[in-house]
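Dear colleague,

I am handing over the structure we spoke about, and below it you will find an account of what came out of going through it. Please read the notes with the model open beside them.

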Amino acid sequence: MTRIDDVARLAGVSTATVSRALRGLPTVSAATRRRVLAAAEQLQYAVSPSASRLAGGRTGTVAVVVPRITRWFFGTVVEAVEDFLHQSGYDLLLYNLGGREQVRQRVLRTANLHKRVDAIMLVATPLRPADLTALAELDLPGITISSGSTVPGWPCVRIDDVAAARTATRHLLDLGHRRIAHISGDPDDELAFTTHTDRRRGYREALRRAGLRPDPRLDMESQFTIDGGNRATVELLARGEPPTAIFAACDEIAMGAMTALRDAGLRVPQDVSVIGVDDHDLSAVLGLSTIAQPAAEQGRLAARLLLDPLGAGTVEPAADRVPAPRGPGAHGPAPAPPVILPTRLVVRESTGPPRAN
């Protein structure tokens, strides 16, 4: 295997000069550069991408942090991010917190990321004050996806969760429903962060605009899972008169609700209509009405916004880099407002008018 030392000997220069010549630095004369390139071609020497990146002050790697990779939203976003990074010449270093405090400590509150990555992406990751302090000390470019804890100085890509919930609830109201239940996040669920509060707020706003007072007995808490939606619906039905419709804060909760209704002998939508948020891959198969959010597009856009200041995957000397947005608390221009992507109502078989009494 040809080494850089071999090229240096053939060209009659130092290894440092070979490195500078192959990286295109202006400190190498044109004649020396031609001699180095000829030697490299003769020996069929290929520059190591990782070595070139390190020489330019880069790692060529982006850290992506998610709460739980097994959830549909997180998996969809990460797949889109990885594809964009790969096309841009970057690698992805995935950190799946998985509800494990020791992982959070290792990733967000230590110097674990120092000199290992060029930038950080947080996907719907709730943050504590200690996390923000640790991120500020790293002083790396970063971006967040989805609502939740924001990082000062970092851009954010997300949807308008309040508006999405209003649209879902208004769809049920327009169908004639008045007894509408809501199943959203458990305040103790680390994955709920502000998504559940924003969607609950949109639900209540839509009811009030229709002249209805939100009924606490119809407002349920659940983890953002199929099992959580099932258990919350079982509890809801046990409270007495069932609602005529359910707005679930995510499609997985809605799927669990549909299963519980079926097990209770209730038909969807003849007895109870159900709508969710996401447009999960299984939603069309199950005929679930939903508010579709562009999960993959959020990932691609966030990756592009993160890489743009870094040169979109190109390798260049550290001194020649376009300055990237720095870490939280850094001096500089005020951060841009969040980039909010649109959602849309997708009507399927799970919603319909309430049954006439």
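V64 has L94 as its bridge partner in β2, and this pair belongs to a parallel pairing in which six bridges connect β1 with strand β2 (residues 91-96). Please keep in mind throughout that the model is a predicted one. Between these two strands lies helix α5 (residues 72-87), and β1, α5 and β2 together make up a β-α-β unit that is right-handed.

β1 also pairs with strand β3 (residues 119-123), again in the parallel sense, and here four bridges join the two. In this second pairing, the residue of β3 that stands opposite V65 is L122.

How many of the six residues of strand β1 (residues 61-66) are buried? Six of the six are, so the strand is largely enclosed by the rest of the structure. The cover extends to both faces, since T61, A63 and V65 are buried on one side, while V62, V64 and V66 are buried on the other.

A further sheet deserves a look of its own. It is open and consists of six strands, in the order β7-β6-β8-β9-β10-β12, with mixed pairing. The edges are taken by β7 (219-222) and β12 (344-346), each of which has a single partner strand, so that one side of each is left without a neighbour in the sheet. From one strand to the next, the twist averages 20 degrees. Within this sheet, strand β8 (residues 245-248) runs parallel to strand β9 (residues 273-278), with which it pairs over three bridges, and I246 stands opposite V274 of β9. Helix α9 (residues 195-209) packs on the sheet, where it touches β6 (180-185), β7, β8 and β9, and the direction of α9 makes about 165 degrees with that of β6.

Finally, there is a helix pair to consider. Helix α2 (residues 15-22) packs against helix α3 (residues 30-43) at an angle of about 95 degrees, and their axes are 9 Å apart. Because angles of 65 to 115 degrees count as roughly perpendicular, α2 is described in that way relative to α3. On the α2 side the contact is made by T17, V18, R20, A21 and L22, and on the α3 side by T32, R33, V36, L37 and A40. Sorted by class, this contact of α2 with α3 comprises six nonpolar, two polar and two charged residues.

With best regards

Note on methods
Residues are numbered from 1 along each chain as its sequence is written. This is a predicted model: local features need pLDDT of at least 70, side-chain atom pairs count only at pLDDT 80 or more; totals for chains, interfaces and linings use all residues. Side-chain values use heavy atoms; hydrogens and water are left out. Axes are lines fitted to C-alpha atoms, for helices over the stretch in contact, and angles run from 0 to 180 degrees between N-to-C directions. Angles under 35 degrees count as roughly parallel, over 145 as roughly antiparallel, 65 to 115 as roughly perpendicular and the rest as oblique. Contact means heavy atoms within 4.5 Å. Ala, Val, Leu, Ile, Met, Phe, Trp, Tyr, Cys and Pro count as nonpolar, Asp, Glu, Lys and Arg as charged, and the others, Gly among them, as polar. Buried means under 20% relative accessible area, exposed over 50%, partly exposed in between (1.4 Å probe, protein chains only). Two strands pair if DSSP finds at least two bridges between them. A crossover is right-handed if, with the strands pointing away from the viewer, the path from the first strand over the helix to the second runs clockwise.
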